[in-house]
Amino acid sequence: MRNKIYLITFLFVFLLSICLMSKTRFTDLRKDETVKSAPMLKPWRSLQPDSAYHGVWLVAGDLDGDGQAEILTARNSRQEVTTLIASRLDGSELWHWGEPNTGKPRIGYDVPAQIYDLDADGQNEVYFCVKNYLLVLDGPTGKEIRRLPLPAELKVADCITFANVRGKKHPSDIIIKDRYHHIWVYSDTWQLLWDWHTDPGKTCHHPTLIDIDGDGRDEVLGGYTLLDDDGSELWTISSETIDLNRGHLDCCEILHSGKTFDDFRFIVTCCAAKAILKVDGYGKILWERSGHHLESVDAGKICADVPGKQIFVDIDHLPFGEAKVWLLDEQGELLGEYKCDYARHHRLIDWNGDGLDEILIGNSMSLFDGRGKTQFRFGPANAFAGERGGQKGGDAGPMAVTGDLDGDQRPEIILHSGTTVNIYKSDKAAKLSNTRVGTDINFTFY
């Protein structure tokens, strides 16, 4: 009898533990018991660029051809770039451009400034927008080499995207757009290839490039509509339960890719429609969750015990100090809800090379695992003091960026603000599949 009682008790405890483990994890990332015990990492490099030219918008790339990335930051006035400064990793200045102290250092949107080698001559240029023009600067010197007129109805481009809609060996087409309605696609000689206007409906913050039919040419997800390489419409996402005409597409993350329409899966967030969707390669919604203003999405292998990839997304438009982020599985089931001060600007990175991605949230200055446990903190303790609280007219710093800066194919972490750029390095970080030095070619904070 006693043995039966022990057996029943054991089974009850075992089943209870399984049930508890399967429940969604709710954690305050600031108060978790692992925060104080996690090791604090010192910056590998720390830069304080000239504040007269330095802003919060940051991209990185090899500008002088030495095999290491330079840090390019910008000030802006309603997205029009007013100043630029290019800094070496040792903190010295390579060059600057513009009138000092013009525009503002803070941002609440992407700024149209990118680094790219459009002509494939082995030397990067800087592409950015001022009023009525797209300017191109020489990478090593910062001197203007091209000035390209914007369409008559466009004052300043909302963002700059480099694409391959013509099927060239090297992506050499340029996409620009206004805030929410019109997209233009140009060749490298600045000949208009096609444009697309959506009314009613809206576009997106940053186009997503997808060779969905395997023909070597990019298709363009310019909002809820996928455009073929010639600008014709392939499909448009529609929902029977969510009004997608409210607002715009905030972010699209390619969850799975391949060579045919059948292979692709996308995760899409929907601004004022307050939803997140999983969409197949034909634009059909596979699942949807609504009720929150979900913003930027990262997807990767975060949890070893959960099949497939996991999806990490922030819930925006919440008061400072009450921000939340969600961790979902591929079926849209909630695995974790984590609270922090400010949730925007996050990245995934395999920092210790164990095959699992850690979660980086800029404002929290920490790396978390899939259960919300703090793995590393980024120091010093007083870094970005006074810049991490809620601020009007911009985001609460620091911002979070990753990229291979020193050419060893292992990504570094960049935390940066309107005053400081701190870079952190791990010799164990998993190597990247691409060989580009710097941040992503079509960098976006969305």
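Ala400 has Leu415 in strand S33 as its bridge partner, and this pairing is a good place to enter the model, which is a predicted one. The bridge belongs to a longer match: strand S32, residues 399-403, and S33 pair in the antiparallel sense over 5 bridges. On to the next neighbour, then. S33 is also joined by 4 bridges to strand S34, residues 421-424, and these two strands run antiparallel. Here His416 stands opposite Val421 in S34, and a hairpin of 4 residues carries the chain from S33 to S34.

Is S33 enclosed or open to the outside? Because 5 of the 5 residues of this strand, 412-416, are buried, S33 is largely enclosed by the rest of the structure. In a regular strand, side chains alternate between the two faces of the sheet. You can follow two such sets in S33: Glu412, Ile414 and His416 are on one side, Ile413 and Leu415 are on the other, and all of them are buried. Both faces of S33 are therefore covered.

Now let us step back to the whole protein. There are 1 helix and 34 strands in it. The C-alpha trace spans about 90 × 50 × 40 Å along its principal axes. A compact globule with 446 residues would have a radius of gyration near 22 Å, and the protein, at 23 Å, agrees with that. Of those 446 residues, 54% count as buried. Among contacts with a separation of 6 or more, 52% come from residues 24 or more positions apart. The protein exposes about 19300 Å², and carbon and sulfur atoms supply 50% of that area.

With that overview in mind, look for another set of paired strands. Strand S30, residues 366-368, and strand S31 pair in the antiparallel sense over 3 bridges, with Leu367 opposite Phe376 in S31. The two strands form a hairpin with 5 residues between them, and Gly372 in the turn has a positive phi of about 85°. S31, residues 374-378, has another partner in strand S2, residues 40-41; that pairing is parallel and has 2 bridges. Within S31, Arg377 is the bridge partner of Met40.

Just before S2 in your tour comes Glu33, in the loop between strand S1 (25-28) and S2. Glu33 counts as exposed because its relative accessible area is 58%. The C-alpha atoms of Glu33 and Gly222 are separated by 43 Å, and the two residues are 189 apart along the chain.

Lys278 offers a contrast to Glu33. This residue lies in strand S22, and its relative accessibility of 9% is why Lys278 counts as buried. Leaving out residues up to four places away in sequence, Lys278 touches Leu255, Arg265, Phe266, Ile267, Lys284, Ile285, Leu286, Trp287 and Glu330.

Next, the rings. How many aromatic pairs does the structure hold? There are 12 aromatic pairs. One of them is formed by Phe261 and Tyr282, which are stacked at 5.5 Å centre to centre with 20° between the planes. Phe261 is in the loop between strand S20 (249-256) and strand S21 (265-270), while Tyr282 is in the loop between S22 (275-280) and strand S23 (285-290), so the pair ties together parts that are 21 residues apart in sequence. Phe261 counts as partly exposed at 22% relative accessibility, and Tyr282 also counts as partly exposed, at 47%.

Phe443 and Phe445 form an edge-to-face pair, 5.0 Å centre to centre with 80° between the planes. Both residues are buried. Ring pairs link them with Trp57 into a cluster.

Some rings have a charge over them instead. The charged end of Arg147 sits over the ring of Tyr133, 5.2 Å from its centre. Likewise, Lys202 lies over the face of Tyr180, at 5.4 Å from the ring centre.

The last stop is Asp357, in the loop between strand S28 (346-349) and strand S29 (358-361). Not counting residues up to four places away in sequence, Asp357 touches Gly300, Lys301, Ile302, Leu348, Ile349 and Asp350. The C-alpha atoms of Asp357 and Arg347 are separated by 9.4 Å, with their positions 10 residues apart along the chain counted as their spacing.

Key
Residues are numbered from 1 along each chain as its sequence is written. This is a predicted model: local features need pLDDT of at least 70, side-chain atom pairs count only at pLDDT 80 or more; totals for chains, interfaces and linings use all residues. Side-chain values use heavy atoms; hydrogens and water are left out. Two strands pair if DSSP finds at least two bridges between them. Rings of Phe, Tyr and Trp (its six-membered ring) pair if their centres lie within 6.5 Å; planes under 30 degrees apart count as stacked, over 60 as edge-to-face and the rest as tilted. Buried means under 20% relative accessible area, exposed over 50%, partly exposed in between (1.4 Å probe, protein chains only). A charge sits over a ring if NZ of Lys or CZ of Arg is within 6 Å of the ring centre and within 35 degrees of the ring normal. Contact means heavy atoms within 4.5 Å. The radius of gyration is taken over C-alpha atoms; the globule rule is 2.2 Å times the number of residues to the power 0.38. Accessible areas come from the Shrake-Rupley method with a 1.4 Å probe; for residues, only the protein chains shown count as cover.
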